[in-house]
Every structure is written in C-alpha cells, then in structure tokens.
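These are my notebook entries on one structure, written down in the order in which I looked things up.

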Amino acid sequence: RLLPEMPAVPRSRLKACAWTVLDVTLLGRVFVVNPALWLGEWLFHASFLLVLIRHLRYFLDPVPGWVWSFQTPGLLAGYFLPLPLIYIFFIRLLTKNEKYSSRANLLLLGLLLAISSIGLAMYLAFKPDLVGVKLFILGILSFSPQPLPQSLLFLAHFLLVLVLVLLLPSHIFTAPLVMFEARKRDGALHGVLHDPERSD
C-alpha cells in the first residue's frame, strides 16, 4: 500500500545538513562508488582550492592578510595539482562507467591540466608582468579596461580559464542542494523501513 508522506523532522534535517557538508568536503558519495577515483578527486579539489585562494591576490585590493597567509600553501598546491589530474584522467579512462569517462569529463580534465601546466610554466620560466596582470584583472572587475599584459602564456591561461567557466556543468553549482535533498530522502526512507509501528 502507499505510505502517507511524513512531515519533515528538524532533527533529521540537521542530520541531513551534517551529512551534506561531509559529502561536499570529503566527496563521500564518490568514495562509495569508486574509492580509487575518490582519492584523486579529493587531492585535486583540495589542491585546486588552495590555488584559487592564492590567486585571490590578483582580484582584491588591498589583499587581506589571510590571503597572504595562503601564498606558500597555494604555491605548493600549484606544483602538485597536475599529478592528481593525470591520475584522475587515467582512472576515468580505465573505468567502464560512461558517467565518469564521458567526453565532457575528459575535456574538463584536459582543460584543467592545460591551465595548471601553463600556470607552472609562467611561474617557473616565463614570468609575466604581475603588476600588469593585476591591473588588467582589476580593470575588468571595475569596468575600466586596462592594457592586456604582453604575455602569450598569460593570454592562453586567461582564455582557457574563461572556456573552463563556460563549460562547467550547472550541477556543480547546485551540488550541495542536490546532496542535501538526497540525504533527506535517504533518511526518510530509512525511517519508514525501520519503523516498528508500520507493517504491510
């Protein structure tokens, strides 16, 4: 028989929120599906976050102290970032699940690898004018265009980042909400199946 819908319980909602935070920060659902992929994905996301925080110095003026405190960890993460990307690429190639080895996923991985490799090349050997880079970025944010830095590598880096943003699937931005709803459904189903007062 059909079971009536049960009203949301604040305690279960709080539990769903806690599990959602763990899902987002630790990629728990990826671990359940593919532990080998989870390792690479978690290392990539942690490294990528540190690199993004390091790059905030080009977008903020003045630069907050906490951003400066992340410069060394962000630099080390930038050196490391290509490794988990290569690892993920091979894991996705070896998996038989189309969801994880689709052309769209491989394209995103290729873009990220190209962006991180160009970034390393600029830092190690072909340094652009960082003052010019910051003025260019701040000019875009303030709608007062500044000259483009005279660096082909920076131009390639910048354009690839724009392409990456355009190609990012929308589900990435709604992932916390989707995971929260999934956790609520799991909790409600578990409650129904284990309720001693209910029987068919």
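Is A36 buried, partly exposed or exposed? I found A36 to be partly exposed, because its relative accessible area is 32%. I keep in mind throughout that I am reading a predicted model.

**Entry 1: around A36.** I placed A36 in helix α3 and then looked for its contacts beyond the neighbours within four places in sequence, which turned out to be Y87 and I91. With Y87 the separation along the sequence is 51 residues, while the C-alpha atoms lie 9.5 Å apart in space. Of these two partners, I also noted that I91 is listed among the buried residues of α6.

**Entry 2: the fold as a whole.** I counted 11 helices and 0 strands in the protein, and reading along the sequence gave me the pattern α-α-α-α-α-α-α-α-α-α-α. The protein has 200 residues, of which 28% count as buried. For the accessible surface I wrote down about 13700 Å², with 73% of that belonging to carbon and sulfur atoms. I then took the contacts between residues at least 6 apart in sequence, and 65% of them join residues at least 24 apart.

**Entry 3: the salt bridge.** How many salt bridges does the count come to? The count comes to 1 salt bridge, and I found it between the side chains of E41 and R92, at 2.5 Å from N to O. This pair links distant parts of the chain, since E41 sits in helix α3 (residues 35–55) and R92 in helix α6 (residues 82–94), 51 residues apart. I checked the exposure of both partners, and E41 is buried, as is R92.

**Entry 4: the two helices that hold this pair.** For α3 I compared the expected span with the model: at 1.5 Å a residue its 21 residues should span 30 Å, and the end C-alpha atoms are 30 Å apart, so the two agree. The buried residues I listed in α3 are L37, G40, E41, F44, S47, V51, I53 and R54. For α6 the same arithmetic asks 18 Å of 13 residues, and the end C-alpha atoms are 19 Å apart, which agrees. In α6 I listed P82, P84, L85, I88, I91 and R92 as buried.

**Entry 5: how α5 meets α6.** I recalled that two packed helices are described by the angle between their axes and the distance between the axes. Helix α5 (residues 71–80) packs with α6 at an angle of about 35°, and their axes are 5 Å apart. The contact is made by G78, Y79 and F80 on the α5 side and by P82, L83 and P84 on the α6 side. Sorting these by class, I had 5 nonpolar residues, 1 polar residue and no charged residues.

**Entry 6: helix α8.** Here I repeated the span check, and the 22 residues of α8 (residues 103–124) should cover 32 Å at 1.5 Å a residue, while the end C-alpha atoms are 31 Å apart, which agrees. The buried residues of α8 are L106, L108, L109, L111, L112, I115, S116, I118, L120 and M122.

**Entry 7: backbone features in the loops.** Before looking, I reminded myself that most residues other than glycine have a negative phi, and most peptide bonds are trans. The peptide bond from D61 to P62 is cis, with omega near 5°, and P62 lies in the loop between α3 and α4 (65–68). F143 has a positive phi of about 60° although it is not a glycine, and I located F143 in the loop between α9 (130–141) and α10 (152–167). F143 counts as exposed, because its relative accessible area is 77%.

**Entry 8: V133 and P147.** Which residues does V133 contact, once its neighbours within four places in sequence are left aside? I found Y58, P128, P149 and F154. V133 belongs to helix α9 and is buried, because its relative accessible area is 5%. P147, by contrast, lies in the loop between α9 and α10 and is exposed, with a relative accessible area of 65%. The C-alpha atoms of V133 and P147 are 9.1 Å apart in space, and the two residues are 14 apart in sequence.

Note on methods. Residues numbered from 1 in each chain as written. Predicted model: local features only at pLDDT ≥ 70, side-chain atom pairs only at ≥ 80, totals over all residues. Heavy atoms only, no water. Helix = DSSP H or I, 4+ residues; strand = E, 2+ residues; numbered from the N terminus. Expected span 1.5 Å × (residues − 1). Buried < 20%, exposed > 50% of the residue type's maximum accessible area, 1.4 Å probe, protein only. Salt bridge = Lys/Arg side-chain N within 4 Å of Asp/Glu carboxyl O. Axes fitted to C-alpha atoms, helices over the stretch in contact; angles between N-to-C directions. Contact = heavy atoms within 4.5 Å. Nonpolar A, V, L, I, M, F, W, Y, C, P; charged D, E, K, R; others polar. Areas by Shrake-Rupley, 256 points an atom, 1.4 Å probe, with all protein chains shown as cover.
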